[in-house]
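Reader: Could you take me closely through the pockets of this chain, with the terms spelled out as you go?

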Amino acid sequence: MLYDYLLENFKTNTLIFLNEIKYAASDDAIRQQMKMLVDQGRIRRYVSGAYYIPETLYGVELTPSINDYISKKFLLDGDGDVIGYIGGLKLVNEARLTTQFAGNKYTIYTNKATTGMKTIKVKEFTLTIKKPICPITNENYLALKFLTMLLDSELYAEVKGQEYISAVKSYRDRQGLDEDAIMTNAALYPDKIYSLLYNGGLLKYVG
């Protein structure tokens with residue numbers, strides 16, 4: 001039975017996407033069986049195309065978070081390799097350049113994006129999906145994330161001058177960034193970002 005297959009191959013309270021299910025049945029048959037399992041209460045539908053096996057802890061049923069959905073859908077591939085990162089206001093806030101919170105809004109750069117930008121709704125959350133400036137890999141994602149933060153900070157940063165420089169340097173150090181990777185990828189970004197790296201002394205060996 002499909003339910004037995006799910007129990008054997010997926011953990012409870014972990015999102016299951018239809019394209020992950022490798023079961024001896026047609027796609028239509030799998031969708032119909034998943035609907036039947038939802039109707040029976042044996043699994044839960046998170047959103048269309050995404051399901052999970054329920055788990056109860058101390059009498060409370062757990063539910064996957066939006067971060068679980070974003071990570072599995074847009075940030076990591078099936079082998080656990082990085083294919084995306086979160087940018088926008090959430091990233092600028094992470095760098096401590098603003099006290100603003102993005103709330104239910106996420107900006108996501110991912111290799112799965114097929115167009116420049118699109119916005120989708122997932123439950124009460126708004127996800128803006130953007131095509132990255134180049135393919136995201138395990139090797140370059142931290143550098144791309146850092147450079148994107150510099151670009152997005154123009155819109156959202158509340159701090160200026162030396163306070164801005166100090167905050168960015170602190171973020172760089174917390175991320176353990178490879179400076180060669182930063183400079184290699186900086187050429188893909190607007191000239192003002194390249195200039196900021198040098199004139200602002202944002203790299204250890206130039207500032």
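Author: A residue counts as buried when its relative accessible area is under 20%, as exposed when it is over 50%, and as partly exposed in between, using a 1.4 Å probe and protein chains only. By that rule, buried residues make up 43% of the 207 residues in the chain. The model is predicted, with local features needing pLDDT of at least 70, side-chain atom pairs counting only at pLDDT 80 or more, and totals for chains, interfaces and linings using all residues. Residues are numbered from 1 along each chain as its sequence is written, and side-chain values use heavy atoms, without hydrogens and water.

A pocket here is an open set of points on a 1 Å grid over the protein atoms alone, where a 1.4 Å probe fits and protein lies on both sides within 12 Å along at least five of seven lines; its lining residues have an atom within 4 Å of a point. The largest pocket has a volume, meaning the space filled by probe spheres set on the points, of about 300 Å³. It is lined by 15 residues, of which Phe17, Asn19, Glu20, Lys72 and Lys112 are the closest to its centre. Helix H3 (residues 66-75), a DSSP run of H or I with at least four residues, gives the most to this lining, with three residues.

The second largest pocket has a volume of about 220 Å³, and of its 14 lining residues Gly88, Leu89, Lys105, Thr107 and Tyr156 are the closest to its centre. Strand S7 (105-110), where a strand is a DSSP run of E with at least two residues, gives the most to the lining of the second largest pocket, with four residues.
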